[in-house]
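Q: Which words do people use to describe a protein model, and what stands behind them? Please take me through them one at a time.

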Protein chains: 2
Amino acid sequence: MILFQNEHFYIETEPHTLPWLKIFTQKPYRELTDIPPKLRNQMWELYYGVEEEMRNYFQPDKINMASFANILPRVHIHVIARFKDDAYFPNPVWGEKLREEKQISKDFNLFYEKIAEKFKDIQ
Amino acid sequence: MILFQNEHFYIETEPHTLPWLKIFTQKPYRELTDIPPKLRNQMWELYYGVEEEMRNYFQPDKINMASFANILPRVHIHVIARFKDDAYFPNPVWGEKLREEKQISKDFNLFYEKIAEKFKDIQ
């Protein structure tokens, strides 16, 4: 689901038991250093906004951030809220699963609405 | 091994068969949004410099970048050069190992020298 988009970026949900958003550039770039400097800065501003909202809403134990795109080399930033009792903690979510996945009690849709609201006026 | 440091940051090697550096702030911050905005920007400039040098020197198939710090919550940025035939590709290096690790033919020490040289005049 796309929560926000403008001329340069879009923010998408990753379906998962953990809060997980992905920030994409509209134009595909192979690596971060291929993104024009002005857009890089705008992308980090989006990232900080997402991280801030995720921290406020979910009160996670840690935020995880990553850019891999090994299969399809197209830069996007993963933003994931982590909890000490989540299925992979303290491993990254790409690492070994250590316990059963469980639902978080907070409403993900309300969080998605907050993200959409937060960014709606960004050009 | 510390390749560079100034008042605000240091760049450290991660011993691994893959080229892998870590960028730390001197002062510990829990999350990226806890870092003062001016320092965040300086940190990304360091990151872009490391990524650029890693791409030039190793000609990797992809750069992987991540910030986890789940065990000890202290922001640092991983920068890793990835190759299609490396032990984990296309998984992140925190994921399942798919083949044997092997040495890269390029001299890591020469790369480390290039990084040290590149950043030596940064205040």
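A: Happily! Let us begin with "contact": two residues are in contact if their C-beta atoms, placed from the backbone, lie within 7 Å. This is a predicted model, in which local features need pLDDT of at least 70 and side-chain atom pairs count only at pLDDT 80 or more, while totals for chains, interfaces and linings use all residues. Residues are numbered from 1 along each chain as its sequence is written, and chains are lettered from A and ligands numbered from 1 in the order in which they are written.

Q: Which residues is Ile11(B) in contact with, leaving aside its neighbours within four places in sequence?
A: They are Leu3(B), Phe4(B), Leu21(B), Ile23(B), Leu46(B), Val50(B) and Ile115(B).

Q: What makes Ile11(B) stand out in the largest nonpolar core?
A: A nonpolar core is a set of buried Ala, Val, Leu, Ile, Met, Phe, Trp, Tyr and Cys residues joined through C-beta atoms within 7 Å. The largest one has 56 residues, and Ile11(B) is among those that touch the most other members, along with Ile23(A), Val79(A), Ile23(B), Val50(B) and Val79(B).

Q: Why is Ala69(B) counted as buried or exposed?
A: The label "buried" asks for 20 or more other C-beta atoms within 10 Å of a residue's own, "exposed" for 12 or fewer, and "partly exposed" lies in between. Ala69(B) has 21 such neighbours, so it is buried. Its place is the loop between strand 4 and strand 5 of chain B.

Q: And why does Gln59(B) get its label, buried or exposed?
A: Gln59(B) has 10 C-beta neighbours inside 10 Å, so it counts as exposed. Gln59(B) sits in the loop between helix 1 and strand 4 of chain B.

Q: What is notable about the phi of Gln59(B)?
A: Most residues other than glycine have a negative phi. Gln59(B) is not a glycine, yet its phi is positive, about 45 degrees. Ala69(B) also has a positive phi, near 55 degrees.

Q: How do you know that the span of helix 1 of chain A agrees with its 22 residues?
A: Helices (H or I, at least four residues) and strands (E, at least two) are DSSP runs, numbered from the N terminus. The expected span of a helix is 1.5 Å times one less than its number of residues. That gives 32 Å for helix 1 of chain A, and its end C-alpha atoms are 31 Å apart, which agrees.

Q: Why can we say that the buried residues of helix 1 of chain A line one face?
A: The buried ones are Arg40(A), Met43(A), Leu46(A), Tyr47(A), Val50(A), Glu51(A) and Met54(A). Seen down the helix axis, they fall within an arc of 140 degrees (of the directions from that axis to the C-beta atoms), so they line one face. The face turned away carries the exposed Lys38(A) and Asn56(A).

Q: Why is chain A called as compact as a globular protein of its length?
A: Chain A has 2 helices and 5 strands. Its radius of gyration, taken over C-alpha atoms, is set against the globule rule, 2.2 Å times the number of residues to the power 0.38. The radius is 15 Å and the rule gives 14 Å for 123 residues, which is close, so the description fits.

Q: What makes the peptide bond from Phe89(A) to Pro90(A) cis or trans?
A: Its omega is near 5 degrees, and the bond is cis. Pro90(A) belongs to the loop between strand 5 and helix 2 of chain A.
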